[in-house]
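Here are my notebook entries from a session with this model. I began with one residue and then stepped back to the whole chain.

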Amino acid sequence: MTERVRAAALVRRSEDIGSVAAGAPAATARSAPHAFGGGAVIGALGGLIGLGGAEFRLPLLIGGFRFPALQAIILNKAMSLVVVASALPFRAAVVPVAAVLGNWRIIVNLLAGSLLGAWLGAGWATRLASATLYRVIAAMLVAVAVVLLFGHDASASGALLTGPAQMLAGAVAGLAIGIVAALLGVAGGELLIPTLVLLFGADVKLAGSLSLAVSLPTMLVGFARYSRDRSFAVLGENRRFVLVMAVGSIVGSFIGGRVLEVVPSAILPPVLAVILLLSAGKVWRHE
């Protein structure tokens with residue numbers, strides 16, 4: 001009997017080693033501390049800059065927690081919704097809610113395109129092969145890194161366009177941002193903030209809160225579209241992981257909102273862009 005037990009233990013050990021060598025997640029890879037810590041750090045970035053933090057969470061879900069591409073996007077979308085919904089009120093001490101609501105025309109203008117884009121992008125993502133989706137994700141991460149490097153250097157110096165031309169440009173920009181947001185499972189703040197600053201002449205801190213107000217309904221539309229795909233079951237299958245990461249994300253977004261006034265925003269975009277480029281390379285090589 002002892003020999004059988006030893007033999008069974010050896011077989012299990014060899015299977016575990018083989019799983020790790022093949023890139024399967026270790027038992028601790030999705031542990032509560034890792035999920036909470038990852039959610040908190042990325043949530044803090046979201047609260048600080050006015051993003052959902054999903055651009056940094058997606059490579060973590062794929063490379064660190066070993067979720068397949070489409071499942072990672074759906075999880076990413078869920079966590080981004082948590083960060084966006086919590087970051088907006090947490091930033092209210094610096095950017096009052098009244099100031100956000102006072103710019104409702106800008107929000108509606110961008111939503112006119114982004115809601116349609118979110119639905120289309122989510123539909124495309126569910127039909128792409130995993131290998132193709134990894135390549136698309138990597139390419140978009142590089143594009144977002146470029147926008148972080150150059151788009152956030154812009155300062156509010158007046159609206160680029162006015163009148164009907166501004167409304168048309170806002171709807172087209174919203175459409176493109178909605179597609180990107182759905183394909184990556186992101187809030188789209190890296191693209192929304194430069195658009196708000198350059199096209200509408202918004203202050204960068206106000207733009208961060210406005211981007212959250214646009215992102216929330218846009219992400220809900222994409223989320224609704226993803227719910228029709230069988231991969232949506234990943235949320236129920238990983239309920240504990242999702243809840244722990246959500247709590248970490250809320251804690252992080254609270255911290256990010258509190259330190260918004262004291263952290264120099266100029267140093268963040270270059271650092272985040274480098275992280276994105278490294279992440280893009282890792283996702284591109286993922287199989």
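**Entry 1, a single residue.** The model is a predicted one, and I started at Val136. I found Val136 in helix H7, which covers residues 130-151.

**Entry 2, its exposure.** Is Val136 buried or exposed? I looked up a relative accessible area of 24% for Val136. Buried would need a value under 20% and exposed one over 50%, so Val136 goes down as partly exposed.

**Entry 3, its surroundings.** I set aside residues up to four places away in sequence and asked what Val136 touches. My list reads Leu128 and Leu183. I also checked Val136 against Trp284: 148 residues separate them in sequence, yet their C-alpha atoms are 8.5 Å apart in space.

**Entry 4, the whole chain.** I counted 13 helices and 0 strands in the protein. The pattern along the sequence is therefore written with α alone. For contacts with a separation of 6 or more, I noted that 86% join residues 24 or more positions apart.

**Entry 5, inside and outside.** How much of the protein counts as buried? I have 49% of the 287 residues. The exposed surface comes to about 13,200 Å², with 68% of it from carbon and sulfur atoms.

**Entry 6, helix H4.** My last stop was H4, residues 69-90. Its 22 residues reach 31 Å from the first C-alpha to the last, close to the 32 Å expected at 1.5 Å a residue. I then looked at burial in H4: 16 of its 22 residues are buried, so the rest of the structure largely encloses this helix.

How values were computed:
Residues numbered from 1 in each chain as written. Predicted model: local features only at pLDDT ≥ 70, side-chain atom pairs only at ≥ 80, totals over all residues. Heavy atoms only, no water. Helix = DSSP H or I, 4+ residues; strand = E, 2+ residues; numbered from the N terminus. Buried < 20%, exposed > 50% of the residue type's maximum accessible area, 1.4 Å probe, protein only. Contact = heavy atoms within 4.5 Å. Areas by Shrake-Rupley, 256 points an atom, 1.4 Å probe, with all protein chains shown as cover. Expected span 1.5 Å × (residues − 1).
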